[in-house]
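Please read the following report alongside the sequence and the coordinates. It moves from the whole chain to the nonpolar cores and then to a single loop residue.

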Amino acid sequence: MKRSALLIPILLVILLVTATATVNGEQLPTAVPVSVWSVDYNTYTAQFIGEDKVVVYTHHGDMDLGFRYLSGYDSAYIYDAKTGKLIKQLSADSDGDTFDLSTYQEVWDRSGFFSGNGRFLVEDPWAYASSARVVDLETKTTYTIDWSGTYGEGESGTGFYYATQMDYYGTVLVVGENDQSGGRLIVFERHGDTYEKIWTSDPIGQVRRAFLTLDAKYVIYGSLESHALYIAERTGDTYDVVKTIPLEGGVGALTCTDPYNIGYILVGTDNGHIYVFRFEVS
């Protein structure tokens, strides 16, 4: 599941070495990054697999929270986190793939993002547009998504959608439209064999980042064009925006520390600002 959508190209794995700094005459510990190993190819993002391995993706990729499955639209390289030794290279075909991390065998012939429990995979809407579905990886049952009335309805090719996340049980799905003039965040919920729209945000531009809490109670999102961060809360069968936070730029990176209650929110804007907010649930 794409739990932390802070998509920064990862070129180095670093070791933090304790040092000291002086602030107002007081000796305070600090951390100095020391390069341990690096890769020499273009990367998209990376994730730790537990504490001893790192996976580096060259395009969209995700891994479930239980480290059972890995999904990638292109190549994924798994390394020993301490030594940088390559353990396994997983190469997806031209349509993306999803792999079992214990056997490295393909379990689904498309890539996407996982539910919190790892059972469900939403096929990457950026890659598959309105042909994207949700699959139960245990039974291989597929569920359609009702894309009617959305930016990529009936389209093929890439780029019509972007931000994508699921809740813990794979019941609720959020997708951001990648439309510069009027993109919205759309919330879908599974009803029978179809994911149906239950809420759409106001048009705000290209919605590249979203964070859905695992219980689907809150969704945090933003766009490149709207210089604001939005927090919506579930009320009954729909969502309401409960907080709008002004920013100095568009939302280019976003993650939260608490998968249920949001906790601290880290935002990076497309013009170089970094924000940290604390969200308190009353």
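In the protein chain, residues 24 or more positions apart account for 42% of the contacts with a separation of 6 or more, a contact meaning heavy atoms within 4.5 Å. This is a predicted model, in which local features need pLDDT of at least 70 and side-chain atom pairs count only at pLDDT 80 or more, while totals for chains, interfaces and linings use all residues. Residues are numbered from 1 along each chain as its sequence is written, and side-chain values use heavy atoms, with hydrogens and water left out.

The chain has one helix and 25 strands, taken as DSSP runs numbered from the N terminus (helices H or I, at least four residues; strands E, at least two).

| Property of the protein chain | Value |
|---|---|
| Buried share of the 282 residues | 51% |
| Exposed area | about 12900 Å² |
| Carbon and sulfur share of the exposed area | 49% |

Buried means under 20% relative accessible area with a 1.4 Å probe, protein chains only, and accessible areas come from the Shrake-Rupley method with a 1.4 Å probe.

The largest nonpolar core (buried Ala, Val, Leu, Ile, Met, Phe, Trp, Tyr and Cys residues joined through side-chain atoms within 4.5 Å) has 23 residues, and Leu173 and Phe188 are among those with the most contacts inside it. Elements supplying at least two residues each to this core include α1 (125–128) and β16 (172–177). Apart from this core lies another, of 18 residues, among them Leu185 and Tyr221.

Ser115, in the loop between β11 (112–114) and β12, counts as buried because its relative accessibility is 0%.

Technical notes. Buried means under 20% relative accessible area, exposed over 50%, partly exposed in between (1.4 Å probe, protein chains only).
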